[in-house]
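I sat down with my notebook to look into pockets, ring pairs and a few buried residues. Here are my entries, in the order that made sense to me.

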Amino acid sequence: MAVKLFYEEYGTGLPVVCLHGYPLDHSIWKPLIPYLEKKAHLIIPDLRGHGKSPVFSEPYTMQDMAEDILTLLDDLGLSKVLLVGNSMGGYVSLQFARSFPKRLLGLILVASHPFSDSPKIKQGRLASIQKIREMGIQKVLAEFPSNLTPVPEIQDNIRMIIQTTQADGAVGSLRAMAERPDSGDVISNASFPVGIVLGKKDLFISQEQRDQMQAKFPQVEFSLVEKAAHMIMMEEPQAVAQMISKILEQYKE
């Protein structure tokens, strides 16, 4: 069942909804505001289980999270949006695109990809669930910020967000990610523009995956940011803003 998400809004123009990754919140997108507030209406929600949005102890899926976004759009009276997703937010965006393609102006993945988990990664997520239940999220994810970015200030920011994330929210998201389907067909069959922004220093997306995406999806607008890792919207916000602007340009009269 869909839930009402906490969100913040900034700027005016065509609507752009930005979805954060695991186990973070809406605030990771705030560095984009100065670049976009005069050309876009930014909507930055907390996904279920994160930030100020509802937390559940029962399992949920990417489809549930996509339906939360649909409810948000309906509540805001938005018929179509540009959907931008970082990491797990990208997985939610892809599921939304599969289920509700007519609600999209476009789709942008930021440090994300359409592939399902390998058996090894899936096993790792399930092992993390057990560890979080036994030890708590703060202990289990103590080193996570340094894996997401090499920038100390951003690591500190991420560490503070993780400290407020509840274990049930982390567990629900890990299970939803582990069970998500491959979404390559969503990109291949998209009737709207798609962009992918990747960081060259990203520890979670390999060179092989980058090459695979570029080979498999020739119609997609790609951007490889040399100095960025997994938190591109915080490390190099202008690069993400540029991709958003490029897609919005297609809708200028």
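Before the first entry I fix one term: I call two residues in contact when they have heavy atoms within 4.5 Å. I also keep in mind that this is a predicted model.

**Entry: Ile205**

I began with Ile205, which I found in the loop between strand E6 (194-199) and helix H10 (207-216). Is Ile205 buried or exposed? Its relative accessible area is 4%, and the cut-off for buried is under 20%, so Ile205 is buried. Next I looked up its contacts, leaving aside neighbours within four places in sequence. Ile205 is in contact with Ala111, Ser112, His113, Leu198, Arg210 and Met213. I also checked His230, 25 residues from Ile205 along the chain, and the C-alpha atoms of the two are separated by 8.3 Å.

**Entry: the largest pocket**

I then turned to open space, and the largest pocket came out at a volume of about 720 Å³. Its lining has 33 residues, and those closest to the pocket centre are Ile121, Arg125, Phe144, Leu174 and Phe204. Which helices supply at least two residues each to this lining? I noted helix H3 (88-99), helix H4 (119-135), helix H6 (144-148) and helix H8 (167-178). H4 has the largest share, with six residues. By type, I sorted the lining of the largest pocket into 17 nonpolar, 11 polar and five charged residues.

**Entry: aromatic rings**

How many aromatic pairs does a search of the whole structure find? I got three. One of them is Tyr22 with Phe144, an edge-to-face pair at 6.0 Å centre to centre and 70° between the planes. Tyr22 lies in the loop between strand E2 (14-19) and helix H1 (33-36) and Phe144 lies in helix H6, so this pair ties together parts that are 122 residues apart in sequence. Both partners are on my buried list: Tyr22 has a relative accessible area of 9%, and Phe144 counts as buried at 14% relative accessibility. Ring pairs also bring in Phe204, linking Tyr22, Phe144 and Phe204 into a cluster. I was pleased to meet Phe144 and Phe204 again here, since I had already listed both among the residues closest to the centre of the largest pocket.

**Entry: charges over rings**

I looked up two arginines that sit over tyrosine rings. Arg180 lies over the face of Tyr91, at 3.6 Å from the ring centre. The charged end of Arg48 sits over the ring of Tyr60, 5.0 Å from its centre.

**Entry: the cavity**

Searching the whole structure for cavities of 30 Å³ or more, I found one. About 60 Å³ of space lies in it. Which residues line this largest cavity? I wrote down Met62, Tyr91, Leu94, Gln95, His113, Pro114, Arg180, Pro181 and Ser183. Arg180 and Tyr91 from the previous entry are both in that lining, and so is His113, which I had met as a contact of Ile205. H3 gives the most to the cavity lining, with three residues. The lining divides into five nonpolar, three polar and one charged.

**Entry: Ile247**

My last stop was Ile247, in helix H12 (residues 237-249). At 3% relative accessibility, Ile247 counts as buried. Not counting residues up to four places away in sequence, Ile247 touches Leu82, Leu107, Ile108, Pro193, Val194 and Gly195. I also checked Gln155, 92 residues from Ile247 in sequence, and found the two 30 Å apart in space, C-alpha to C-alpha.

How values were computed. Residues are numbered from 1 along each chain as its sequence is written. This is a predicted model: local features need pLDDT of at least 70, side-chain atom pairs count only at pLDDT 80 or more; totals for chains, interfaces and linings use all residues. Side-chain values use heavy atoms; hydrogens and water are left out. On a 1 Å grid over the protein atoms alone, a cavity is a set of points where a 1.4 Å probe fits but cannot get out, and a pocket is an open set with protein on both sides within 12 Å along at least five of seven lines; lining residues have an atom within 4 Å of a point. Grid points are joined across faces, edges and corners, and a volume is the space filled by probe spheres set on the points. Helices (H or I, at least four residues) and strands (E, at least two) are DSSP runs, numbered from the N terminus. Ala, Val, Leu, Ile, Met, Phe, Trp, Tyr, Cys and Pro count as nonpolar, Asp, Glu, Lys and Arg as charged, and the others, Gly among them, as polar. Buried means under 20% relative accessible area, exposed over 50%, partly exposed in between (1.4 Å probe, protein chains only). Rings of Phe, Tyr and Trp (its six-membered ring) pair if their centres lie within 6.5 Å; planes under 30 degrees apart count as stacked, over 60 as edge-to-face and the rest as tilted. A charge sits over a ring if NZ of Lys or CZ of Arg is within 6 Å of the ring centre and within 35 degrees of the ring normal.
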